[in-house]
Amino acid sequence: MIAIFILLILLAAGTFYLLHRSLQLTVQAGSVNLCASPSPRSRIIRRVARGQRVTVLRRNQQTDWYYVRSASSKGWVAAWLLRDQSYDAAKSGRLAESTIVLDPGHGGIDSGTLAPDGAMEKHYTLPTALKTYRLLKAQHARVLMTRHSDKTVSLAARPAMSNRVKATLFISFHFNSAGQRNLAYGYEVFKYHHNADQLAASLDQGFHNLPLYDRGIAYGNFQVLRDNRRPAVLIEMGFMDSDFDFPYIKNPAYQQQVAVDIVASLNRYIK
């Protein structure tokens, strides 16, 4: 009974210790980083090459990092990279070791704001987030979406996911409304906690090539930011009720450029 009680405590803490039999894994990637802590900004102890075996000493189920022994060294590796045969730490940036939560705003019964022609915000946040998702996955990052389809997701559930998986960062996708046609225009990056200052600055700088007006960085008292303990931002990538912005918002090429800019900014941020 005592052993079961201890195991339940460890599971509740998000870490499962392999108490009886160690798990042996073979690195299938070109190489993976053995890190001093489970973070993409951690010091790299050394690289473990393809074909080498590692012994998993414990697993953190929330972060999906393994604490392993490799030869005479111990450290952390991003579990999702061990079997990724196309990944090679020696040739890749640290973005691959990140856990990123993407939050397409609204969805389901929540349409978001409306354009003058009745177009719904939710129909543009999702494709923009999905384009970002595909680019990040191509760089081997661990990417989680609060929704993959047009479904209802509560506001509370969005930051809760970010906190639960101990995300490296969180981005909520939105398009704005001034409440009156052509009253405002441009994109804006919102943050709430100071731990998102650097992330917000990196994204705002990365969007400078966009054809829309840069409204800068602002404080946003939004639940998805306020309840988020991880570095989190909410991006408003144009005004639905602006005759200048809206043609860009609904253009897949603009959505793709936003995604490209986000990935480039995150690579700078992680460095």
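## Close-up views of a predicted model

**View 1. His106, a buried loop residue.** His106 is buried, with a relative accessible area of 17%. The cut-off for buried is under 20%, so His106 falls within that class. The model is predicted. His106 sits in the loop between strand E8 (99-104) and H3. Its phi is near 70°. That is a positive value in a residue other than glycine. His106 also appears in the next view, among the residues that Lys122 touches.

**View 2. Lys122 and its side-chain partner.** Lys122 belongs to helix H3, which covers residues 122-138. Is Lys122 buried or exposed? Lys122 is buried, at a relative accessible area of 8%. The side chain of Lys122 makes a polar contact with that of Asp150, at 3.1 Å. Setting aside residues up to four places away in sequence, Lys122 touches Gly105, His106, Gly107, Gly108, Asp110 and Ser111. It also touches Arg147 and Asp150. Asp150 therefore appears twice in this view, as a contact and as the polar partner at 3.1 Å.

**View 3. Helix H5 and its cover.** Helix H5 spans residues 197-206. Which of its residues are buried? They are Leu199, Ala200, Ser202, Leu203, Asp204 and Gly206. The cover over these buried residues includes four strands and a helix, listed here:

- strand E10 (169-176)
- strand E11 (187-191)
- strand E12 (214-219)
- strand E13 (232-239)
- helix H8 (252-270)

Asp204, one of the buried residues of H5, is touched by Gly216, the subject of the next view.

**View 4. Gly216 in strand E12.** Gly216 is found in strand E12. This glycine is buried, with a relative accessible area of 15%. What does Gly216 touch, not counting residues up to four places away in sequence? Its contacts are Tyr187, Glu188, Val189 and Asp204. Tyr187 lies 29 residues from Gly216 along the chain. Their C-alpha atoms are separated by 7.6 Å. Strand E12, which holds Gly216, is part of the cover over the buried residues of H5.

**View 5. Ser42 in a loop between two strands.** Where is Ser42? Ser42 is placed in the loop between strand E3 (31-35) and strand E4 (44-49). Ser42 is buried, with a relative accessible area of 7%. Leaving aside neighbours within four places in sequence, it is in contact with Cys35, Ala36, Ser37 and Arg94. Arg94 is 52 residues from Ser42 along the chain. The C-alpha atoms of Ser42 and Arg94 are separated by 9.4 Å.

**View 6. Ser22, a partly exposed loop serine.** Ser22 lies in the loop between strand E1 (15-17) and strand E2 (23-26). At 35% relative accessibility, Ser22 counts as partly exposed. Not counting residues up to four places away in sequence, Ser22 touches Thr55 and Val56. How far apart in space are Ser22 and Arg50? They are 20 Å apart, C-alpha to C-alpha. In sequence, Ser22 and Arg50 are 28 residues apart.

**View 7. Lys166 and its positive phi.** Lys166 occupies the loop between helix H4 (157-164) and E10. Phi of Lys166 is near 50°. Here again the value is positive in a residue other than glycine. Lys166 counts as partly exposed, at 37% relative accessibility. Strand E10, at one end of this loop, is also among the elements covering the buried residues of H5.

**View 8. The whole chain, for orientation.** The secondary structure comes to 8 helices and 13 strands. The radius of gyration is 21 Å, close to the 18 Å that the globule rule gives for 271 residues, so the chain is as compact as a globular protein of that length. The C-alpha trace spans about 65 × 45 × 30 Å along its principal axes. Buried residues make up 52% of the 271 residues. Take the contacts between residues at least 6 apart in sequence: 73% of them join residues at least 24 apart. The chain exposes about 12,600 Å². Carbon and sulfur atoms supply 53% of that area. There are 33 positive and 19 negative charges. The mean positions of the two sets are 16 Å apart.

Notes: Residues are numbered from 1 along each chain as its sequence is written. This is a predicted model: local features need pLDDT of at least 70, side-chain atom pairs count only at pLDDT 80 or more; totals for chains, interfaces and linings use all residues. Side-chain values use heavy atoms; hydrogens and water are left out. The radius of gyration is taken over C-alpha atoms; the globule rule is 2.2 Å times the number of residues to the power 0.38. Buried means under 20% relative accessible area, exposed over 50%, partly exposed in between (1.4 Å probe, protein chains only). Contact means heavy atoms within 4.5 Å. Accessible areas come from the Shrake-Rupley method with a 1.4 Å probe; for residues, only the protein chains shown count as cover. Lys and Arg count as positive and Asp and Glu as negative; His and the chain ends are not counted. The place of a charge is taken as NZ of Lys, CZ of Arg, CG of Asp or CD of Glu. A polar contact is a pair of N or O atoms within 3.5 Å; within protein, one must be able to donate a hydrogen and the other to accept it, and residues adjacent in sequence count only if both atoms are side-chain atoms.
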